[in-house]
Amino acid sequence: MTLVLPALWAMQPDALTALADALRRHPAGPSAPRTDPGEEPAPYALRDGLAIVSVRGPLSKEGLHLGSLRLLDSMRRLAAALGAAAADPAVRAILLDVDSPGGTVDGIEELAEAVQHAAAARPLYAFADGLMASAAYWLSAGAREIAAPATAQVGSIGVVSLPGRSRARWTHPA
């Protein structure tokens, strides 16, 4: 099985290396993003009028699962969660709860626009729960305010290019 990874990543280089290593070592190989709604978490948690949208781990446009393990969070899922929260009359404000090293360049501009649209409908805040780097910081920049504990790492927008003409390939040993 061959997985084609995007060539451009807005992600911390060491996190990208760790992701590539995990792909090489995993015995199951990659699988398509889940479409069964029973397997997907709720788009956001609602607490006293606050919609909490969780942004965890590396990000890509479609996401990526290895068996039951989610290696890449889906930017499209996050954009849909933001749209749902912005349209929900029970939501008074939205919080992006972020712990992510970043992700692919492909899809991040659209997700950042989804953040801006949600922020136009409801007050939107971001919280760096450990790490908010590169593409994760990019999407959070549309928040009214970014909060972080003293030990969090925030910032570092940069692009890492994988070797090869335009895409890197990972082949699962069959």
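1. Asp129 is partly exposed, with a relative accessible area of 33%. In this predicted model, the side chain of Asp129 meets that of Arg56 in a salt bridge, with N and O 3.0 Å apart. The two residues come from distant parts of the chain: Asp129 belongs to strand β10 (residues 124-133) and Arg56 to strand β4, with their positions 73 residues apart in the sense that they are 73 residues apart.

2. Arg56 has a second acidic partner, Asp97, and this salt bridge also has an N to O distance of 3.0 Å. Asp97 sits in strand β8 (residues 93-100) and Arg56 in strand β4 (residues 50-56), and the two are 41 residues apart. Arg56 counts as partly exposed because its relative accessibility is 26%. Asp97, at 16%, counts as buried because the limit for that class is under 20%.

3. A third salt bridge joins Lys61 and Asp106, whose closest N and O atoms are 3.0 Å apart. Lys61 lies in the loop between β5 (59-60) and β6 (64-66), and Asp106 in the loop between β9 (102-104) and α3 (108-121), so the pair ties together parts that are 45 residues apart in sequence. Both ends are partly exposed: Lys61 has a relative accessible area of 23%, and Asp106 one of 39%.

4. How do these bridges fit together? Arg56, Asp97 and Asp129 form one network through salt bridges that share partners. The search of the whole structure finds five salt bridges; the pairs described above are among them. As a general point, side chains of opposite charge can pair when their charged atoms come close.

5. The strands that carry the network also pair with one another. β4 and β8 run in the parallel sense and share seven bridges. Within this region, Val53 stands opposite Leu96 of β8. β8 also pairs with β10, again in the parallel sense, over six bridges. Asp97 has Phe127 as its bridge partner in β10.

6. Is β8 enclosed or open? Seven of its eight residues are buried, so the strand is largely enclosed by the rest of the structure. Asp97, with its 16% relative accessibility, is a buried residue of this strand.

7. Helix α2 (residues 75-87) has 13 residues, which at 1.5 Å a residue should span 18 Å; the end C-alpha atoms are 18 Å apart, so the two values agree. Its buried residues are Met75, Arg77, Leu78, Ala81, Leu82, Ala85 and Ala86. At the N-terminal end of α2, Ser74 acts as a cap: one of its side-chain oxygens lies 3.3 Å from the backbone nitrogen of Arg76.

8. Which charged residue of α2 deserves a separate look? Arg77 lies in this helix and counts as buried because its relative accessibility is 19%, where buried means under 20%. The side chain of Arg77 reaches the backbone oxygen of Ser54 at 3.4 Å.

9. Ser60 lies in strand β5. At 8% relative accessibility, Ser60 counts as buried. Leaving aside residues up to four places away in sequence, Ser60 touches Leu72, Asp73, Ser74, Met75 and Thr104. Ser74 in this list is the residue that caps α2, and Met75 is one of the buried residues of that helix. The C-alpha atoms of Ser60 and Gly102 are separated by 8.8 Å, although the two residues are 42 residues apart along the chain.

10. Two residues other than glycine have a positive phi. Asp48 has a phi of about 50 degrees and lies in the loop between β3 (45-47) and β4. Ser134 has a phi near 50 degrees and is found in the loop between β10 and α4 (135-140).11. Are these two loop residues buried or exposed? Asp48 counts as exposed, at 72% relative accessibility. Ser134 is buried, with a relative accessible area of 1%.

Technical notes:
Residues are numbered from 1 along each chain as its sequence is written. This is a predicted model: local features need pLDDT of at least 70, side-chain atom pairs count only at pLDDT 80 or more; totals for chains, interfaces and linings use all residues. Side-chain values use heavy atoms; hydrogens and water are left out. A salt bridge is a side-chain nitrogen of Lys or Arg within 4 Å of a carboxyl oxygen of Asp or Glu. Helices (H or I, at least four residues) and strands (E, at least two) are DSSP runs, numbered from the N terminus. Buried means under 20% relative accessible area, exposed over 50%, partly exposed in between (1.4 Å probe, protein chains only). The expected span of a helix is 1.5 Å times one less than its number of residues. A polar contact is a pair of N or O atoms within 3.5 Å; within protein, one must be able to donate a hydrogen and the other to accept it, and residues adjacent in sequence count only if both atoms are side-chain atoms. Two strands pair if DSSP finds at least two bridges between them. Contact means heavy atoms within 4.5 Å.
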